[in-house]
Amino acid sequence: MGKIKRWGKLSHEIVFEKYGRKIMKVIYQLPNNNTSDYYLIEQGRAVAMVALTDDGNVLLVEQYRPGPDNILYELPGGIKNHDETSIEAAKRELKEETGYDGDPEFVTDVYDDAYSTMIRSCVVMKNCKKISGQTLDSNEFINVKEESLGNFRKHLKSGKMTDVEIGYLGLDYLKLL
């Protein structure tokens with residue numbers, strides 16, 4: 001087939017925008033000279049973390065998610081503010097969502113999805129301690145769960161949570177796989 005090349009972007013337009021996300025219609029010229037349209041989600045950078053308490057439990061957040069129409073366990077995280085580093089965003093999101101603080105270490109960045117512009121930073125937080133109550137946004141309804149490492153692994157293997165790749169990258173980084 002030959003060397004893979006970038007496709008030529010012929011046009012792009014915003015077809016919908018809300019909650020900091022845009023749906024973009026992008027028309028590409030393909031290597032065979034045909035054109036094809038794609039609908040991409042354009043969104044900011046994000047962070048998610050594997051947060052471990054002093055006694056080795058993993059902090060998870062439980063919340064309803066409209067996409068899968070289900071209540072899911074998730075890793076703490078969220079959208080990074082424009083001027084934040086991954087570490088700053090992780091500390092802020094962990095405190096807002098859980099009331100915990102810890103010692104952060106950056107692991108890596110990952111692509112969120114093949115049809116999204118989001119890049120999600122993976123951070124591990126060690127020695128997490130409860131320091132305050134949650135400070136949730138008006139559209140956030142979150143329960144905080146401390147799960148054993150074994151239960152966390154079961155959640156990851158089930159595929160019934162978001163940010164599975166961040167979970168495995170964090171556990172690998174911590175040598176806990």
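The paragraphs below lead through a predicted model, from its paired strands to two helices and the charged side chains around them. Because the model is predicted, local features need pLDDT of at least 70 and side-chain atom pairs count only at pLDDT 80 or more, while totals for chains, interfaces and linings use all residues. Residues are numbered from 1 along each chain as its sequence is written, and side-chain values use heavy atoms, with hydrogens and water left out.

Helices (H or I, at least four residues) and strands (E, at least two) are DSSP runs numbered from the N terminus, and two strands pair if DSSP finds at least two bridges between them. Strand E9 (residues 119-130) pairs in the parallel sense with strand E4 (residues 46-53) over seven bridges, and in this pairing threonine 53 stands opposite cysteine 128 in E9. With strand E8 (residues 100-111), E9 pairs in the antiparallel sense over 10 bridges, and lysine 130 in E9 is the bridge partner of tyrosine 100.

Helix H1 (residues 86-98) has 13 residues, which at 1.5 Å a residue should span 18 Å, and its end C-alpha atoms are indeed 18 Å apart; the expected span is 1.5 Å times one less than the number of residues. Its buried residues (under 20% relative accessible area, with exposed over 50% and partly exposed in between, for a 1.4 Å probe and protein chains only) include Ala89, Arg92, Glu93 and Leu94. The buried residues of H1 pack against several strands, among them E4, E8 and E9, where contact means heavy atoms within 4.5 Å. Just after H1, glycine 99 takes a positive phi of about 80°.

A salt bridge is a side-chain nitrogen of Lys or Arg within 4 Å of a carboxyl oxygen of Asp or Glu, and by this rule the count comes to 12. Arginine 92 forms one with glutamate 84, the closest N and O atoms being 2.7 Å apart, and another with glutamate 93 at 3.0 Å, N to O. Glutamate 84 is buried at 14% relative accessible area, and glutamate 93 counts as buried at 6%. Glu84, Arg92, Glu93 and Glu96 are linked in a network of salt bridges.

Helix H2 (residues 149-158) holds asparagine 151, and histidine 155 is found in H2 as well. Asparagine 151 is partly exposed, with a relative accessible area of 32%, whereas histidine 155 is buried at 19%. Beyond residues up to four places away in sequence, histidine 155 touches Leu60, Tyr73, Glu147, Lys160 and Met161.
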